[in-house]
Amino acid sequence: MFWRKKSVKEEERGEKLSGPKEIPVIVQHYMVTETKMGPDLVKLFKAVVRKSLIDETGFNIRVFDDSEALAKEVQVKDYTSLDDCPDLIIFEGWFDERTKQVKLAEKKSVVWDIPIFTQTEIQEKIEALKEPGDMVFFYVGRGSSHGGPLGMGAAVIELNPSYPGKKQKKYIAYRANVIDMQPVDRGRKVFDSDKPKDIARWVKDGHHRRIY
């Protein structure tokens, strides 16, 4: 009689995988101490795990930004959801809470530390738009969009190409998802205005460090 060892795929068939969760504390500690990532930022990411097929008490882990997944319209249900979306994986590796061991590999470099502008600086950038259709954008940490280093997409301001037509305002404000650090087109129109100060105040309300 011949005995055949089950393949990895066969082993996985009976495994019930969990959904995205907060990064395990032992892995959070590793990311702070070894990758020098700020603890507040680490807590914003999500992790998907599965039991290691090699180590009895170990787990494989993938770390990703849920906001980026939403911007790309990818639903991450479990560890294997990222098999077809490797560009969403920030860190990938293995950990064992029993032996207190962690091994992570950075899968992509992401810029998280960006300048935060004052309301005056935002207004100056809006007023600097010269040609009809010119646009400027600001990452935001609050709103209904997704993606980007502040988590909630971007506010996009356009110098209205139809201005000064009848009933046209000088500026149009949009909310847009952000993918690969750039807004996805203009996004969704929010309002229009002739007053750059009012627009700058609106942008600044969401233009702050990422908090969730």
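Two strands pair if DSSP finds at least two bridges between them. In this predicted model, strand β3 (residues 59-64) and β4 are joined by 6 bridges and run antiparallel. The mean pLDDT of the chain is 90, with 93% of its residues at 70 or more. Over residues 1-13, however, the pLDDT is below 50, and this stretch has 6 contacts in the model beyond near neighbours in sequence. The points below address the strands around β4, three individual residues and the salt bridges.

**Strand β4 and its partners**

- Strand β4 spans residues 89-96, and 7 of its 8 residues are buried, so the strand is largely enclosed by the rest of the structure.
- Towards β3, the pairing is antiparallel and comprises 6 bridges; within β4, Glu-92 is the bridge partner of Arg-62.
- Towards strand β5 (residues 101-106), β4 likewise runs antiparallel, and 6 bridges join these two strands.
- In the pairing with β5, Gly-93 stands opposite Leu-104.
- A hairpin is formed by β4 and β5, with 4 residues between them. Lys-100, in the turn, has a positive phi of about 60 degrees.

**Gln-28 in helix α2**

- Gln-28 lies in helix α2, which covers residues 25-34.
- The relative accessible area of Gln-28 is 9%; because buried means under 20%, this residue is classed as buried.
- The side chain of Gln-28 makes a polar contact of 3.2 Å with the side chain of Glu-22.
- When neighbours within four places in sequence are set aside, the contacts of Gln-28 are Glu-22, Ile-23, Val-42 and Lys-43. Glu-22 therefore appears both in this contact list and as the partner in the polar contact, where the side chains of the two residues are joined.

**Thr-35 in the loop after α2**

- Thr-35 is placed in the loop between α2 and α3 (39-42).
- With a relative accessibility of 30%, Thr-35 counts as partly exposed.
- The side chain of Thr-35 reaches the backbone oxygen of Met-31 at 2.3 Å.
- Apart from neighbours within four places in sequence, Thr-35 is in contact with Tyr-30 and Phe-91.
- Thr-35 and Ala-105 are 70 residues apart along the chain, and their C-alpha atoms are separated by 9.8 Å.

**Gln-182 in strand β10**

- Gln-182 belongs to strand β10, which consists of residues 182-183.
- Gln-182 is partly exposed, its relative accessible area being 45%.
- Outside its neighbours within four places in sequence, Gln-182 is in contact with Phe-137 and Asn-177.
- The C-alpha atoms of Gln-182 and Gly-148 are separated by 7.7 Å, the two residues being 34 places apart along the chain.

**Salt bridges**

- The structure holds 11 salt bridges.
- Glu-68 forms a salt bridge with Lys-72, in which the closest N and O atoms are 3.4 Å apart.
- Glu-68 also forms a salt bridge with Lys-108, and here the closest N and O atoms are 2.9 Å apart. This pair links distant parts of the chain: Glu-68 is in helix α4 (residues 66-71), whereas Lys-108 is in the loop between β5 and α5 (119-127), 40 residues away.
- Glu-68 counts as buried at 12% relative accessibility, whereas Lys-108 counts as partly exposed at 21%. The boundary between these two classes is 20%.
- Glu-68, Lys-72, Asp-87 and Lys-108 are linked in a network of salt bridges.
- A further salt bridge joins Asp-113 and Arg-209, with the closest N and O atoms 3.7 Å apart. This pair also links distant parts of the chain: Asp-113 is in the loop between β5 and α5, Arg-209 is in the segment after α6 (196-206), and 96 residues separate them.
- Asp-113 counts as exposed at 66% relative accessibility, while Arg-209 is partly exposed with a relative accessible area of 42%.

Methods: Residues numbered from 1 in each chain as written. Predicted model: local features only at pLDDT ≥ 70, side-chain atom pairs only at ≥ 80, totals over all residues. Heavy atoms only, no water. Buried < 20%, exposed > 50% of the residue type's maximum accessible area, 1.4 Å probe, protein only. Polar contact = N/O pair within 3.5 Å; in protein donor to acceptor, adjacent residues only side chain to side chain. Contact = heavy atoms within 4.5 Å. pLDDT = per-residue confidence, 0-100. Salt bridge = Lys/Arg side-chain N within 4 Å of Asp/Glu carboxyl O.
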